[in-house]
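This report covers aromatic ring pairs and charges placed over rings. The sequence and structure come first.

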There are 4 protein chains.
Amino acid sequence: LSKRRIALVVTARPSWSRIKTAADALKARDDVDLLIVAAASALLERYGAVVRDIRAEGFHVAEEIWSVYEGETRLTAAKETGALLSELAGAFSRLGPDAVIVVADRHEVLAAAQAAAYLHIPLIHVQGGEVTGSIDDKVRNAITQLADVHLVSTAKAFDRVLEMRPDVGALDIRQTGCPSIDLAAQAMRLGKLQAWAPYVVVLQHPVTGETEQAGAQMDETIKAVSRLGLSPHYWWPGQDAGAADMVKVMRAYGLGNAATKNVPPVEFLRELIGAACVVGNSSVGIRECSYLGVPVVNIGTRQQGRERADNVIDVGHDAGAIERAIRDQIAHGPYASSTLYGDGEAGKYIAEIVAMQDEAVAA
Amino acid sequence: LSKRRIALVVTARPSWSRIKTAADALKARDDVDLLIVAAASALLERYGAVVRDIRAEGFHVAEEIWSVYEGETRLTAAKETGALLSELAGAFSRLGPDAVIVVADRHEVLAAAQAAAYLHIPLIHVQGGEVTGSIDDKVRNAITQLADVHLVSTAKAFDRVLEMRPDVGALDIRQTGCPSIDLAAQAMRLGKLQAWAPYVVVLQHPVTGETEQAGAQMDETIKAVSRLGLSPHYWWPGQDAGAADMVKVMRAYGLGNAATKNVPPVEFLRELIGAACVVGNSSVGIRECSYLGVPVVNIGTRQQGRERADNVIDVGHDAGAIERAIRDQIAHGPYASSTLYGDGEAGKYIAEIVAMQDEAVAA
Amino acid sequence: LSKRRIALVVTARPSWSRIKTAADALKARDDVDLLIVAAASALLERYGAVVRDIRAEGFHVAEEIWSVYEGETRLTAAKETGALLSELAGAFSRLGPDAVIVVADRHEVLAAAQAAAYLHIPLIHVQGGEVTGSIDDKVRNAITQLADVHLVSTAKAFDRVLEMRPDVGALDIRQTGCPSIDLAAQAMRLGKLQAWAPYVVVLQHPVTGETEQAGAQMDETIKAVSRLGLSPHYWWPGQDAGAADMVKVMRAYGLGNAATKNVPPVEFLRELIGAACVVGNSSVGIRECSYLGVPVVNIGTRQQGRERADNVIDVGHDAGAIERAIRDQIAHGPYASSTLYGDGEAGKYIAEIVAMQDEAVAA
Amino acid sequence: LSKRRIALVVTARPSWSRIKTAADALKARDDVDLLIVAAASALLERYGAVVRDIRAEGFHVAEEIWSVYEGETRLTAAKETGALLSELAGAFSRLGPDAVIVVADRHEVLAAAQAAAYLHIPLIHVQGGEVTGSIDDKVRNAITQLADVHLVSTAKAFDRVLEMRPDVGALDIRQTGCPSIDLAAQAMRLGKLQAWAPYVVVLQHPVTGETEQAGAQMDETIKAVSRLGLSPHYWWPGQDAGAADMVKVMRAYGLGNAATKNVPPVEFLRELIGAACVVGNSSVGIRECSYLGVPVVNIGTRQQGRERADNVIDVGHDAGAIERAIRDQIAHGPYASSTLYGDGEAGKYIAEIVAMQDEAVAA
């Protein structure tokens with residue numbers, strides 16, 4: 001019997017964390033050939049070259065696609081999306097997959113979705129239907145319009161996809177939960193990392209549409225955190241216009257070397273479990289931390305509209321407000337675990353659906 | 001006072017017909033600088049080089065972008081979209097428009113929408129919310145997800161956009177009607193062209209997803225039409241995968257030279273007014289002909305789901321069925337004019353809205 | 001023992017004819033893995049899709065690269081060279097060849113040479129050192145500057161490469177003759193095709209730098225040939241700016257359908273052997289016909305500077321002069337065979353050198 | 001009278017230094033319109049964004065072209081050359097220059113030369129005919145093959161261009177000297193910068209073809225310099241594969257912040273004048289320092305084959321050898337000024353020739 005050939009496009013470190021357990025489950029099946037296409041910042045040292053981790057975990061990387069332009073302007077973001085679309089179309093033509101899996105909402109992911117759609121390859125979108133504010137919503141929903149199968153994380157996401165795509169059959173929208181929660185479940189089984197002193201974790205990224213403020217936003221957060229008297233753990237911002245300015249500010253505070261950037265996802269989650277508070281605007285605070293029950297101070301508009309469990313306090317880019325919210329969260333301590341974003345088995349569910357998909361799915 | 005700089009992207013001859021009266025109205029305003037970006041098949045002789053007509057009508061073409069790959073495969077369609085996205089991002093950066101107008105649903109239009117969205121330039125989409133079947137729906141709706149302002153043709157289209165974009169303010173979805181109906185109104189004022197004998201007009205294009213059948217589909221239509229004993233008027237198929245096969249079939253029947261391809265839109269519509277029947281799968285049959293009241297035999301799936309007035313009979317790709325339907329339509333004769341797709345003033349309405357848009361629209 | 005992996009880039013029908021016997025000899029070796037990369041017009045129906053012939057002859061095509069832009073302007077020629085360079089660099093990275101073979105002087109070939117040179121893959125250039133006039137000389141010599149090994153056709157070409165590349169070791173410039181002559185030798189062994197009446201063969205192409213005159217040039221040739229009272233056999237012009245205008249003129253004379261475009265090279269050469277005269281500006285007239293001894297009337301500047309045997313009369317783009325020269329050649333009849341461009345064993349020599357090349361060749 | 005439109009392509013900080021006085025002289029003329037096209041690393045902060053300096057000096061930048069891919073591999077170098085070729089062809093089409101000036105030998109410069117050549121725009125190459133070893137020779141000579149006018153620095157370079165291009169008329173090869181020497185002359189008139197203590201300047205770059213050794217090479221140099229007991233002044237390596245490894249080594253020695261990267265060229269040269277010794281593999285050591293009479297220790301193969309005045313001692317990548325040579329040079333002290341690379345008036349000569357060029361130059 002011939003195996004189903006499934007291409008999985010990984011364009012950034014975070015997308016890998018959000019699909020890894022599904023990739024594990026697909027690799028374990030003998031009726032599926034998993035073809036990983038690593039592209040864009042997934043290849044770049046500056047973002048931790050997640051492609052190396054993928055290979056280290058025993059996956060075969062079928063194609064590598066270099067497409068990131070230097071400059072981190074809006075123009076280069078658009079240009080690299082164009083280059084990536086063109087390159088991915090070539091890669092899909094060479095690989096001839098039965099379906100393509102794409103994850104989440106980065107501009108690179110829309111390029112992958114277009115390449116699959118234009119080549120008439122059934123497109124499976126993981127994590128559609130969410131709301132996060134900013135241009136990411138537009139891009140995510142545009143991908144939803146191109147996709148044939150929608151594997152969503154939450155009940156509300158299910159409803160939103162159905163609203164946007166009344167033409168899609170009920171079997172082609174499924175609530176699987178998010179595979180990132182599978183890692184959170186794994187991290188909880190392993191328990192928190194040992195630490196000598198209470199610490200806060202800072203995860204802040206540039207916001208599309210507010211790139212000029214990225215440096216100043218980082219500045220407010222650093223000011224607030226430095227007043228706490230706790231050991232802070234800073235992480236690099238992800239690849240996006242504005243990141244360079246944030247790095248500059250971090251360096252100015254001498255935080256350049258302190259910020260880590262490439263630990264195994266589960267280790268990273270174990271670090272979060274041990275944190276007194278997670279601070280910034282990362283989706284990890286909203287999603288994984290809801291399952292982990294970690295207190296979170298979420299800053300600014302980047303996670304606007306994303307569904308929240310009880311563990312999150314929202315504040316603006318103001319050092320005073322940030323500081324107060326962190327102190328409140330530390331006083332509160334850990335929250336109860338929520339299954340809002342999944343029950344820890346999403347990878348398994350996704351692999352089963354992907355493996356079953358028959359030709360009827362094709363556009 | 002500084003003028004609003006409005007970029008209008010024209011990627012194919014049909015999109016020009018569908019926006020021309022709005023372009024006229026924008027050019028006539030002294031508070032707007034109209035920057036026409038002519039791209040893709042709008043530049044190609046093989047498709048009648050509509051850029052020449054645009055210039056001949058006194059418009060300034062701000063940029064020309066060559067992006068069409070030879071080959072007409074799905075792969076080249078994807079690659080040229082990537083190239084176009086990259087090039088349009090450069091063009092928009094150079095031109096610095098206050099807003100970008102895109103029209104309809106071709107894959108090139110999604111590239112234009114992405115370029116504007118990634119550069120954070122307010123994006124105005126004309127003709128969203130329609131349903132036509134095939135991959136065009138996916139692409140059109142993806143553009144709707146990226147757009148900031150939606151100028152739709154029909155009441156149903158208005159509802160569909162609202163459903164897909166509950167986040168968009170009521171003022172940013174407007175039912176203007178379709179500018180192509182303005183040309184139809186103009187043509188009706190001028191009246192039909194003189195003809196020596198009754199004739200039928202054949203307008204058939206390849207269907208996305210049925211490109212391998214394109215030649216055979218053309219063959220059925222030609223067989224049916226040749227049995228009528230009426231003078232047939234064939235037109236070239238538009239640029240898309242499958243067109244080359246259709247041209248081959250047309251040549252095999254000696255129709256290669258007979259098919260016209262580049263007359264002024266209004267002259268074209270006047271020819272339709274005089275037709276005993278319009279045959280094929282062009283949207284013109286559904287849209288403009290609804291206003292003109294011309295009897296139409298619409299073949300196959302290409303216009304599936306598009307709203308129809310009474311003037312259309314639908315049939316499959318079968319010579320016998322096509323022939324019978326044409327004979328029925330000829331027996332029926334002209335229909336009453338319908339305003340389903342507009343009242344003939346869409347261009348004026350669009351120009352007013354575009355000129356008024358303030359910064360609040362920006363993403 | 002591991003095989004030497006040799007990538008051979010074929011970007012157009014004529015380059016295949018000029019390397020085919022070397023490809024045959026490389027395929028026959030068990031110490032070589034031949035990786036054919038078919039690109040640009042080699043894939044296009046409009047130019048006879050030589051990639052199909054290559055496969056039909058039992059070769060494995062390792063990669064197909066679509067890169068030709070529609071439009072045939074100087075701008076699209078430049079753009080497609082850029083796209084091809086980028087794509088070929090990806091292909092070479094995936095294939096990991098020990099050496100890359102490129103042939104002749106088209107702008108696409110410079111892209112292939114750059115891709116190999118920038119990736120530090122030893123580059124073998126076949127047919128360097130010739131002089132043909134026009135921009136082709138510039139491109140060919142630029143390739144010579146990038147290449148590591150030079151396999152030339154004539155003694156003069158050997159001297160010219162040595163002059164341009166005094167840094168290259170003597171073993172890395174070899175006079176092998178041109179593989180196209182191998183086909184000519186094969187055609188002579190098979191003999192001419194049967195014909196009912198004497199005929200002339202017309203092979204005319206647009207000239208770089210004279211693209212605006214391409215139509216008028218074709219017109220003069222057609223006028224001259226039509227006065228001869230012989231059966232003319234017209235061929236389509238090759239892909240290049242200006243070709244579209246020539247095709248228009250040919251169609252205007254009703255020659256559109258008469259022009260053949262895709263016969264096996266040896267059959268084509270057998271047709272030449274039987275011709276009373278070969279007319280136009282194809283290099284075939286100068287090269288293969290020198291070995292075949294066929295009388296040739298060479299028109300205009302396209303072959304300017306190319307070494308000639310006795311079989312060629314040169315004329316300008318003037319119907320009268322063309323007609324007179326053809327009549328003179330017909331009166332003269334066949335010439336003696338010349339080995340100016342090779343002795344009919346070039347493919348064998350090339351394969352031996354390519355297979356032997358060791359790592360010392362690498363840049 | 002209409003002005004001659006001259007496009008000048010600047011793709012990197014060093015090329016600007018090597019053409020700046022010619023640009024000054026062209027800007028001063030009222031019969032020339034100077035169109036600066038800033039591309040590739042000339043736009044990037046990481047390389048000092050020389051485009052900002054260009055604007056600060058009052059030049060109009062006609063186009064900016066973003067083309068650098070992140071990754072700094074051979075593959076990305078090839079891909080960005082392809083992208084740049086495509087983009088520059090568009091820019092030249094929009095600008096319509098009467099001639100294009102390109103400088104030196106980087107892979108980006110070949111892309112610019114191709115764009116001009118394919119568009120049939122007369123191409124003026126500054127600094128052809130030199131010999132430096134490595135792949136740069138190949139690229140430089142490929143540009144020489146494409147260029148129409150050759151403005152060379154040295155007598156030997158004149159001879160080499162003539163040897164490679166016997167077809168070029170004597171008036172189209174001129175020995176103007178190098179504009180970088182004009183800056184050196186200017187710096188000498190201003191005199192050295194004040195310094196508190198004797199210092200050495202380190203200017204080391206990755207070597208094409210030795211990119212894997214780039215880090216180790218840097219290491220040897222740092223070891224040697226740190227033993228001298230003099231104040232060292234380190235500079236960042238230029239954009240090229242291998243640079244990232246060098247930066248890593250520099251950071252490991254705590255030199256990350258010490259290395260300057262963006263001072264006005266003349267200030268930079270004044271710093272060199274004051275140096276006890278210049279160490280590394282920069283061409284500045286060979287060229288500008290010959291005029292300045294500064295003692296130089298040139299390391300490794302990067303400047304191999306470049307003509308030298310008396311001021312240079314060559315050594316391999318060995319800390320001991322480097323240290324000894326530096327000590328010898330310090331003992332020797334300043335050398336006499338040499339005019340090997342120009343007399344300090346090259347910019348003026350170049351501007352005169354460029355302004356005079358008539359249409360006869362066109363390909």
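## Lysine over phenylalanine

The model is predicted. In chain A, A:Lys27 lies over the face of A:Phe59, at 4.4 Å from the ring centre. Chain B has a corresponding arrangement: B:Lys27 is placed over the face of B:Phe59, with 4.4 Å to the ring centre.

## Aromatic pairs

Over all chains, the count of aromatic pairs comes to ten. One of them is formed by B:Trp16 and B:Phe59, which meet edge-to-face, with 5.2 Å from centre to centre and 85° between the planes. This pair links distant parts of the chain, its residues being 43 apart. B:Trp16 belongs to helix 1 (residues 13–17) of chain B, while B:Phe59 sits in the loop between helix 3 (50–56) and strand 3 (61–65) of that chain.

Both partners are shielded from solvent by the accessibility criterion: B:Trp16 is buried, because its relative accessible area of 1% is under 20%. B:Phe59, with a relative accessible area of 6%, is also buried.

## A pair between chains

B:Tyr69 and C:Tyr69 make a tilted aromatic pair, 4.9 Å centre to centre and with 35° between the planes. B:Tyr69 is in the loop between strand 3 and helix 4 (74–95) of chain B, and C:Tyr69 is in the loop between strand 3 (61–65) and helix 4 (74–95) of chain C, so the pair joins two chains.

B:Tyr69 is buried, at a relative accessible area of 4%. For C:Tyr69 the relative accessible area is 4%, and this residue is buried as well.

Methods. Residues numbered from 1 in each chain as written. Chains lettered and ligands numbered in written order. Predicted model: local features only at pLDDT ≥ 70, side-chain atom pairs only at ≥ 80, totals over all residues. Heavy atoms only, no water. Phe/Tyr/Trp six-rings, centres within 6.5 Å; stacked < 30°, edge-to-face > 60°. Helix = DSSP H or I, 4+ residues; strand = E, 2+ residues; numbered from the N terminus. Buried < 20%, exposed > 50% of the residue type's maximum accessible area, 1.4 Å probe, protein only. Lys NZ or Arg CZ within 6 Å of the ring centre and 35° of its normal.
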